[in-house]
Amino acid sequence: MFKVGGIFIPVTDLERSKRWYELNLGVTKVDEWQENGLDHGVGYVFKDDSTGIALIKVEKPQPTEFTIKGKSKNVYYNFVVEDIEPAYNLLKQNGVKTTEIHDYGVMKGFDFFDPDGNSFSVVSEEIHSPYHKDNLK
């Protein structure tokens, strides 16, 4: 019945962020919109997928993660890739700040940061993971 339609990401410089997301995530622009005559947002979809992301212009950076306990934080959502190494290498080659790749047994993952410091996670599920696309029904 339900599925994720879009994820909204706060950005302070819409033009800079559009270039960055198009280059680093390979998204396809669907629409741009204005509010009160000013650029307000842009919507994208991922190749071969209907899930979208929208960059929304904000005045100051806003968190894309929450605190679990103390200084331990978690992102609100992650991006899934088939093979983590090419995704990691692309971001590193483009000068994107990342963490190292971590091996969690049934999945591998790393975090990366956009120009506003928004934190995102990338994961690759192993075939025996209950969350691997071939194991989900």
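Asp 48 sits in the loop between S3 and S4, where helices (H or I, at least four residues) and strands (E, at least two) are DSSP runs, numbered from the N terminus. Its phi is near 60 degrees, a positive value in a residue other than glycine. At 77% relative accessibility, Asp 48 counts as exposed; here buried means under 20% relative accessible area, exposed over 50%, and partly exposed in between, with a 1.4 Å probe and protein chains only. This is a predicted model, so to speak of local features takes a pLDDT of at least 70 and side-chain atom pairs count only at pLDDT 80 or more, while totals for chains, interfaces and linings use all residues. Residues are numbered from 1 along each chain as its sequence is written, and side-chain values use heavy atoms, with hydrogens and water left out.

Asn 36 tells a similar tale. Its place is in the loop between strand S2 (28-35) and S3, and it has a positive phi of about 55 degrees although it is not a glycine. Asn 36 is exposed too, with a relative accessible area of 75%. A little further on, Leu 38 lies in strand S3 and, at 58% relative accessibility, counts as exposed. The C-alpha atoms of Leu 38 and Glu 65 are separated by 27 Å, with the two 27 residues apart along the chain.

Now for the whole fold. The protein has two helices and 10 strands, in the order β-α-β-β-β-β-β-β-α-β-β-β along the sequence. Of its 137 residues, 36% count as buried. The C-alpha atoms fill a box of roughly 50 × 35 × 30 Å, taken along the principal axes.

Then there is the inside. The largest nonpolar core (buried Ala, Val, Leu, Ile, Met, Phe, Trp, Tyr and Cys residues joined through side-chain atoms within 4.5 Å) has 23 residues, and Ile 9, Tyr 21, Leu 25, Ile 53, Leu 55, Phe 79 and Phe 112 touch the most other members. Elements that each supply at least two residues of this core include strand S1 (6-11), helix H1 (14-25) and helix H2 (84-93). The largest share, four residues, comes from H1. Leaving aside neighbours within four places in sequence, Leu 25 is in contact (heavy atoms within 4.5 Å) with Trp 20, Phe 46, Ile 53, Phe 79 and Phe 112.
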